[in-house]
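Please read this report alongside the structure shown below. It covers one sheet, a few backbone features, one glutamate and the cysteines.

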Amino acid sequence: MFKNYFKTALKVFSNNKGFTAINIIGLSVGIAACLLIVFYVINELSYDKYNVNADKIYRITENAKLNGNEASYATTEKPLKDALKALPEIEKTTRLVPKTSLFASPQKFFVKKGNTSIEEKNVVFTESDIFDVFTLPMIDGNAATSLDNPYSAVITESTAKKYFNRADVVGKTITINDSNIYKITGVIKDIPTQSHFNYDFFLSYSSTPESQSNSWGYSGINNYVLVKPGADIHKLEKEIQDIELKNYPPSITKNGNYLNIVLTPLLKIHLYSTSQYELEKAGNIQYVYIFSVVALFILLIACVNFINLSTARSANRAKEVGVRKVLGSTRSYLITQFLTESLLVTSISTGIAVILVWLMMPLFNQVADTHLAITASSLLWFIPSLLGVILIIGFLAGAYPAFYLSAFKPILVLKGKLAKGFRKSYLRGFLVVFQFSISIFLIISTLVVYKQLSYIHNKDLGFDRTQMMVIKNTNLLGNQAKIFKQEVKKIPGVEDVTMSTYLPTGTERNITGLFPQLPIDIKQDVLSEFWPVDEDYLNTLNIQLIKGRNFSTQMATDSSAIVVNEAFVKKFGFKDPLNKTVYRFSYGLQAYHIIGVVKDFNYSSLRDDIRPLAFSYGEDNGAVTARVKTTDLPALMAQVENKWKNVSPNQQFNYSFMNDDFDATYHAEQHAQQIFFSFSVLTILIACLGLFGLAAYAAEQRNKEIAIRKVIGAGAGNIINILSTDFIKLVCISILIASPLGWLVMNKWLQDFAYRTSISWWVFAVAGFLALVIALLTVSFQAIKAAIANPVKSLRTE
């Protein structure tokens with residue numbers, strides 16, 4: 001019997017090649033898009049699950065408000081780790097110190113390989129107990145003692161092969177920053193990409209000057225705890241908070257200030273954490289939710305198409321059903337036949353979808369900035385998912401056509417009195433509205449994301465980022481960095497040059513606490529960025545000085561001078577900030593007097609408000625930035641590289657342009673826009689396939705009516721209008737539904753930006769117009785076909 005079902009299904013497909021092809025294309029594209037998003041979602045949700053004790057590991061997070069500075073911090077104090085040993089709920093503790101938390105040590109690391117120095121960014125300082133908390137399998141070495149001694153290093157397997165061409169390198173040494181020699185005491189397997197930290201070098205924390213300090217004021221440590229089974233997390237949070245408060249001044253909880261300790265589960269760090277000073281850039285659970293819903297909608301739209309396209313051919317199959325029933329076929333037999341056809345189409349579509357996923361995954365990885373792959377472990381869920389897709393979609397998509405077609409009355413069918421026409425089918429009308437509502441919503445989302453990115457790109461940030469060439473790692477030049485700067489300045493086409501690691505579009509930041517008076521009172525602490533720059537910095541970046549003066553080589557007192565921004569002045573409450581003194585405690589008390597004020601400029605993401613910033617006059621040779629103006633940029637860049645090679649022939653020349661660095665800050669939004677655009681096109685394509693089927697159905701159902709109208713004088717335009725009107729009404733309803741929904745969702749998305757565009761009326765107008773034009777073009781194909789058909793032939797067949 002099943003063989004008969006199968007043969008009948010193949011015969012039906014052969015007789016309706018066009019509609020079968022459209023069905024398969026729609027379902028395969030929909031399933032492929034859904035599977036790609038499922039891969040992305042599962043990848044995002046799998047972060048840190050490689051750890052055996054992932055459900056028992058927590059990061060200590062500090063939520064604090066101090067003198068109006070309210071924030072969440074992923075870092076806490078260095079002495080906290082030792083204090084936690086007294087708490088019975090904790091089994092193990094460890095701490096990670098990223099390079100950005102080092103104040104008395106270099107924040108850039110260059111590892112010697114032959115005569116060249118390679119910058120390594122994935123460097124962290126920690127201790128041997130990291131291997132007790134996290135699952136980092138050791139290939140070679142003793143995990144229990146590997147980082148106990150100063151100048152010890154544990155490296156990953158790929159790093160060992162990078163520098164030594166083999167993995168058994170325990171006992172060998174590596175030279176970091178020319179003078180620090182570290183002994184390799186262990187080699188671990190490469191950390192999975194689905195980790196909230198991904199380091200290549202684990203250096204002993206005891207190697208740093210910061211390790212000698214035991215101050216509770218230094219909170220640059222990422223502290224982790226492995227709790228015992230059944231531990232009361234809320235109780236533990238309170239106990240850790242009591243330890244913190246015991247070691248802080250009483251004012252930490254007065255005058256509106258507070259300090260709360262939260263234990264953030266390891267498995268929630270990547271997607272849910274919004275704390276400052278995360279070890280890696282976090283993901284966003286909102287995008288996971290959004291893309292999950294988009295995947296579901298695309299799959300539903302593909303199923304809707306199957307239903308629409310199947311019922312569109314109901315007139316052709318009605319007589320088949322009538323004859324089968326007259327010859328004795330039961331309704332259950334017919335339902336099984338139609339479900340067999342549905343499952344067969346779904347199976348073929350799923351097979352094609354798998355091929356599409358395999359072909360499109362590299363492009364999707366590029367668009368979504370991820371590293372998805374079909375691996376042996378992914379097959380554990382992928383293959384059962386495919387079987388589930390075939391059964392669920394095959395049944396859901398085929399159920400309505402099966403029950404609908406099998407319900408035809410044979411007497412009415414054979415007499416030609418077929419079922420109700422299109423205009424009386426509320427279900428099909430609802431399905432069209434559903435499809436186009438989703439499509440229009442995605443178009444609106446794409447336009448809003450594009451508008452926000454355009455706003456970001458064109459906004460006056462308060463500094464000049466065009467034609468700004470940033471030569472990186474100039475600290476490798478040592479004392480010759482200044483000479484290199486002066487040589488670059490001599491090149492024709494270079495207007496100005498400055499030397500500093502700290503740039504508005506860079507990643508290096510340095511937050512410090514400043515105080516308005518002595519004695520220092522924690523209640524008056526103001527957190528501010530503190531950037532060492534030279535006398536050419538403001539002029540090179542075209543940062544506007546609105547009060548006072550710039551730094552000068554002629555003023556010896558400028559070594560203790562600072563230039564601040566307007567947000568700094570406002571935070572301190574200075575009416576006349578010039579010559580005011582502020583104090584900083586960093587390995588000793590330091591006093592700085594204000595000599596100038598610059599206009600606020602956006603030195604961080606436009607998601608954030610402008611915060612206090614102070615420029616100090618000091619030597620920082622981490623990068624050289626040149627403002628250039630030339631019609632032959634490649635030639636100028638070649639001259640700069642020649643200057644570099646003259647000074648340091650063995651070091652790699654590395655540069656970027658400030659505009660590119662700025663755009664890189666918004667990679668997540670750019671990828672979201674690309675994904676929204678891609679899936680908007682897909683949903684419209686799939687929806688139009690369904691609309692094509694419905695148009696064919698409508699023309700088929702009104703075949704006799706159209707023929708009569710043409711005989712009595714109706715023109716092609718009248719026929720097209722008659723067949724198109726119903727569909728255009730449905731698309732208009734979709735616009736009315738999608739527009740407020742799009743506004744609500746995208747307005748909430750824009751709230752993440754302190755500086756944002758508005759959602760203009762034209763966004764909805766463009767989205768609606770595109771949907772109407774696409775729908776009209778789709779319907780018009782069938783309408784024109786019906787309008788030019790020979791009415792005599794239609795009436796004769798009737």
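## An open sheet

Ile471 stands opposite Tyr655 in strand 24. The model is predicted. Strand 14, residues 468–472, runs antiparallel to strand 24, and 3 bridges join the two. They belong to an open sheet of 4 strands, ordered 15-23-14-24, with antiparallel pairing. Strand 15 (494–499) and strand 24 (655–657) are the edges. Each has a single partner strand, so one side of each lacks a neighbour in the sheet. On average, neighbouring strands here are turned by 20° against each other, direction ignored.

Strands of a sheet pair through backbone hydrogen bonds, in parallel or antiparallel fashion.

## Helices on the sheet

Helix 14 (residues 481–489) lies across strand 14, strand 15 and strand 23 (623–628). Its direction is at about 165° to strand 15. Helix 17 (residues 633–647) also packs on the sheet. Helix 17 touches strand 14, strand 15, strand 23 and strand 24. Its direction makes about 25° with that of strand 14.

## Backbone exceptions

Most residues other than glycine have a negative phi, and most peptide bonds are trans. Gln467 has a positive phi, near 55°. Gln467 sits in the loop between helix 13 (426–458) and strand 14. Its relative accessible area is 35%, so Gln467 is partly exposed.

Asn473 also has a positive phi, about 60°, and is not a glycine. Its loop runs between strand 14 and helix 14. Asn473 counts as buried because its relative accessibility is 5%. A cis peptide bond joins Leu518 and Pro519, with omega about -5°. Pro519 is in the loop between strand 16 (511–515) and strand 17 (526–533).

## Glu127 and its contacts

Glu127 lies in the loop between strand 6 (123–126) and helix 4 (130–133). Is Glu127 buried or exposed? Glu127 is buried, because its relative accessible area of 17% is under the 20% cut-off.

The side chains of Glu127 and Lys81 share a polar contact of 2.7 Å. Leaving aside residues up to four places away in sequence, Glu127 touches Lys81, Thr94, Arg95, Leu147 and Tyr205.

## Cysteines

The whole structure holds 0 disulfides. Which cysteine sulfur is closest to that of Cys34? It belongs to Cys303, at 9.3 Å, which is too far for a bond. A disulfide would need the sulfur atoms within 2.5 Å. Cys34 is buried, at 11% relative accessibility. Cys732 is partly exposed, at 33%.

How values were computed: Residues numbered from 1 in each chain as written. Predicted model: local features only at pLDDT ≥ 70, side-chain atom pairs only at ≥ 80, totals over all residues. Heavy atoms only, no water. Buried < 20%, exposed > 50% of the residue type's maximum accessible area, 1.4 Å probe, protein only. Polar contact = N/O pair within 3.5 Å; in protein donor to acceptor, adjacent residues only side chain to side chain. Contact = heavy atoms within 4.5 Å. Pairing = 2+ DSSP bridges. Axes fitted to C-alpha atoms, helices over the stretch in contact; angles between N-to-C directions.
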